[in-house]
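Biologist: I'm new to this one, so could you take me slowly through its surface? I'd like a close look at what is out in the open there, and then some contrast from what is covered.

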Amino acid sequence: MEKSLCTLAAVIFLGGFFDAAQLTDDTTTEVHLLLNSTSTAASVTVQLQHHSTAKTTPTAAQKLHTTAVTTKKLHRKNISRDSEEENNGEKKPASKTDEKKTQLDCPPLGLESLRVDDSQIRASSSQRSGLGPHRGRLNIQSGISDGDLYDGAWCAAYKDQNQWLEVDAIYLTLFTGVVLQGKNSIWSWDWVHTYKVQLSNDSVTWKTCMNGTEEAIFEGNQNAWSPVLGVLPVPTVARFIRINPQTWYINGTVCLRAEILGCRVHDPGDSSEQDLGSKDPLDFRHHNYNEMRKFMKSVTKECPDITRIYTIGKSYTGLKLYVMEISDNPGKHELGEPEFRYVAGMHGNEALGRELVLNLMQYLCKEYKKGNQRVVRLVTDTRIHLLPSMNPDGYEEAYKKGSELAGWAEGRYSFEGIDLNSNFPDLNNIMWDAEEMAIDKSKVSNHYIPIPEYYTQEDAMVSPETRAVISWMEDIPFVLSANLHGGELVVSYPFDCTVGWAPQEDTPTADNAFFRWLATVYASTNLVMANPNRRLCHHEDFQVHNNIINGGAWHTVPGSMNDFSYMHTNCFEVTVELSCDKYPHASELPIEWENNKESLLVYMEQIHRGIKGVVRDKMTKQGISDAVIKVEDHDHDIRSAVDGDYWRLLNPGEYKVVVWAEGYFPSMRRCHVGMQPRATICDFTLTKTPLQRLKEIRAKGLKIPQDFLQLRLRALRLRKLRATTKVLNQRRVGQRMLQEERKARGA
Ligand SMILES: [Zn+2]
């Protein structure tokens with residue numbers, strides 16, 4: 001064979017497959033196929049389905065693509081909307097190599113996202129069924145023990161060069177690259193150093209990809225976790241692709257996880273693929289810090305009457321933690337109106353939540369303007385706060401690598417290496433210890449537990465991001481929240497921390513029934529979770545629990561945000577694991593929006609369940625703040641906000657509610673909660689006890705009730721935490737200025 005291209009005779013028929021008009025379509029890219037049998041050039045159109053933002057990093061293997069690519073006039077207006085715009089207003093001319101790189105950058109077929117079915121993946125051999133071809137998916141995670149059905153890679157049965165993993169793309173596909181990763185295991189090290197790629201249209205005749213006159217050798221992995229991209233010297237249309245390992249880690253076996261990059265060849269007669277994605281006209285792409293900021297500004301510009309951007313603090317490197325408020329009266333707490341929050345991106349590499357929260361802002365704005373009754377009601381009756389990126393430093397790290405090459409953990413932690421989801425104070429053990437010591441357990445406070453003293457110190461390992469969120473949680477009387485993560489498909493509810501450090505144990509709160517309801521609301525409306533035929537993400541089957549699980553029953557996490565929110569404030573919070581793939585390719589974002597849209601909306605609406613009202617002074621009619629709202633047989637109280645308004649989330653039923661406040665006589669009412677998502681109004685009017693009463697208590701040498709002390713301590717500790725945060729922030733700014741000064745002097 002004289003041609004140095006990996007080409008296929010079988011694609012000849014493609015020449016007649018497309019009409020010429022397609023070639024000038026802006027949304028398509030032309031690629032020339034040199035057909036080895038005839039050396040005639042035939043033009044085909046290839047639909048690039050994605051709005052590519054995946055910044056694929058060139059590796060050694062990419063050197064290979066210096067061979068002639070017979071690509072003609074590649075125009076791609078729609079594809080990289082973000083690359084020219086929005087770099088803080090500056091237009092950066094793309095370099096030649098960048099241009100070529102993005103042109104060749106096709107989306108993943110979906111081994112990681114599970115868009116590729118198990119039946120589409122085959123292999124030459126397998127060590128055992130748990131290491132079968134279905135496990136050869138990028139970023140798949142194994143269970144703790146090896147040997148079950150769910151191990152961390154495909155592993156061949158033999159250590160020779162005749163082993164292969166094969167993917168059937170089903171459609172004719174322009175293959176552009178392979179992403180390779182080693183085996184996920186805590187027990188062994190296995191990865192592939194080099195490999196060849198073969199292509200076929202019938203899975204019988206195979207052609208090896210060539211680099212010039214030689215078979216192309218792609219560089220694979222140097223460790224088990226980092227994905228490495230191999231770019232095909234010549235993008236080639238075929239249906240089947242094989243990865244054929246040549247060398248591997250000397251003490252290991254032939255194991256790999258992979259993703260295939262390819263653009264589906266567009267058949268103009270087939271309209272089925274037009275259905276993919278979403279009808280909502282939203283900005284579906286990955287937004288880095290600057291793009292996110294710009295995007296949020298554009299939403300406030302479009303909907304100035306119902307939006308407001310504010311910041312709650314800064315990350316370690318000084319990136320701002322932006323929040324979008326959406327409400328009919330932005331900037332104001334309205335009496336009786338509950339406050340909701342979504343927090344995303346606590347783990348920076350779990351990027352889907354961030355984009356869904358950005359989608360949600362834009363959606364609420366657009367639908368409100370259109371007069372969508374459901375959205376108008378939600379925005380009018382609720383004050384919504386959206387924090388798309390709690391850990392922007394981590395996100396930027398993952399973003400640099402892109403959706404396919406960030407791996408499983410890069411960008412998860414804060415800049416200082418802190419896992420923010422175990423960085424909150426562990427109040428569970430404080431409460432449980434107090435209960436154990438107490439003679440009368442019912443006297444121990446079951447809510448509003450103060451931050452422990454050690455946590456407020458300057459040298460406490462508390463990240464600036466966590467500090468910012470704690471202050472935010474105290475400033476706003478949040479009622480309901482969800483913490484958006486990724487990498488699984490399940491909704492978990494508190495407690496996350498188990499009693500007595502058990503690694504795994506169901507640890508319900510006093511509000512277990514309502515938390516299970518909240519988790520169910522999200523899980524049962526998420527289109528992927530709700531699909532009974534879905535396959536499990538990695539190694540745990542959450543479908544047996546209807547896709548919800550108690551956090552402690554999953555794995556214990558002391559110091560989680562959910563637990564802190566419940567123990568320190570009035571706010572109920574669950575964790576949503578949004579997708580198997582932590583960082584889906586941009587082309588998956590429209591479908592992920594559709595998967596989660598109803599869930600995100602219906603979850604917010606749950607804030608209007610249970611009872612709510614205002615606690616007032618009988619004489620002055622003024623609201624009473626910090627009044628305790630106690631529901632009989634519910635071992636978790638909540639407190640009224642500054643204006644005396646309160647919200648108590650409850651399932652339908654009849655409740656005996658007692659409200660009391662410092663200096664007032666308690667008051668009792670029976671409140672009925674119906675099935676509709678509409679809170680029952682239960683107002684309370686309290687009569688002041690003579691001020692004398694407290695004085696008498698003191699005069700008699702009696703103890704002031706524990707709860708008053710607790711409240712004062714809680715306020716004191718927060719003041720201390722804020723003071724140390726301020727000192728730390730000032731110090732960091734000083735250090736940075738000093739560094740810059742030195743740098744300037746040095747230069
Ligand atoms: Zn996470």
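Modeller: Let's start with the yardstick: a residue is called exposed when its relative accessible area is over 50%, buried when that value is under 20%, and partly exposed in between. Keep in mind that this is a predicted model.

Now go to Ile144, in the loop between strand E3 (121-123) and strand E4 (154-155). Its relative accessibility is 66%, so Ile144 counts as exposed. Ile144 has company out there: together with Ile186 and Trp187 it makes up a nonpolar patch on the surface. Add up the accessible area of those three and you get about 430 Å². For the chain as a whole, the accessible surface is about 31,300 Å², and carbon and sulfur atoms hold 53% of that.

There's also a charged spot to look at. Lys294, Lys297, Lys314, Lys320 and Arg736 come together on the surface as a patch of positive charge. Pick out Lys294, which sits in helix H3 (residues 289-302). Lys294 has a relative accessibility of 35%, which is why it counts as partly exposed.

Now for the contrast. The chain has 747 residues, and 57% of them count as buried. Asp511 is a good one to find, in the loop between strand E18 (490-493) and helix H9 (512-525). With just 2% relative accessibility, Asp511 counts as buried, because the cut-off is under 20%. What does Asp511 touch, leaving out residues up to four places away in sequence? Its contacts are Tyr566, Phe572, His634, His636, Arg648 and Leu649. Asp635 is worth locating too: it is 124 residues from Asp511 in sequence, yet their C-alpha atoms are 8.1 Å apart. On the scale of the chain, take the contacts with a separation of 6 or more: 77% of them join residues 24 or more positions apart.

Covered residues turn up in helices as well. Helix H6 (residues 392-401) is mostly covered, with seven of its ten residues buried. Those are Pro392, Asp393, Gly394, Tyr395, Glu396, Ala398 and Tyr399. Just past the end of H6 comes Gly402, with a positive phi of about 90°. H3 and H6 belong to a set of 14 helices in the chain, alongside 28 strands.

So, as a short tour: begin at Ile144, which is exposed, move to Lys294, which is partly exposed, and finish at Asp511, which is buried.

Key
Residues are numbered from 1 along each chain as its sequence is written. This is a predicted model: local features need pLDDT of at least 70, side-chain atom pairs count only at pLDDT 80 or more; totals for chains, interfaces and linings use all residues. Side-chain values use heavy atoms; hydrogens and water are left out. Patches are made of residues with over 30% relative accessible area and no salt bridge: like charges are joined within 9 Å, nonpolar side chains (Val, Leu, Ile, Met, Phe, Trp, Tyr) within 5 Å. Accessible areas come from the Shrake-Rupley method with a 1.4 Å probe; for residues, only the protein chains shown count as cover. A salt bridge is a side-chain nitrogen of Lys or Arg within 4 Å of a carboxyl oxygen of Asp or Glu. Lys and Arg count as positive and Asp and Glu as negative; His and the chain ends are not counted. The place of a charge is taken as NZ of Lys, CZ of Arg, CG of Asp or CD of Glu. Helices (H or I, at least four residues) and strands (E, at least two) are DSSP runs, numbered from the N terminus. Buried means under 20% relative accessible area, exposed over 50%, partly exposed in between (1.4 Å probe, protein chains only). Contact means heavy atoms within 4.5 Å.
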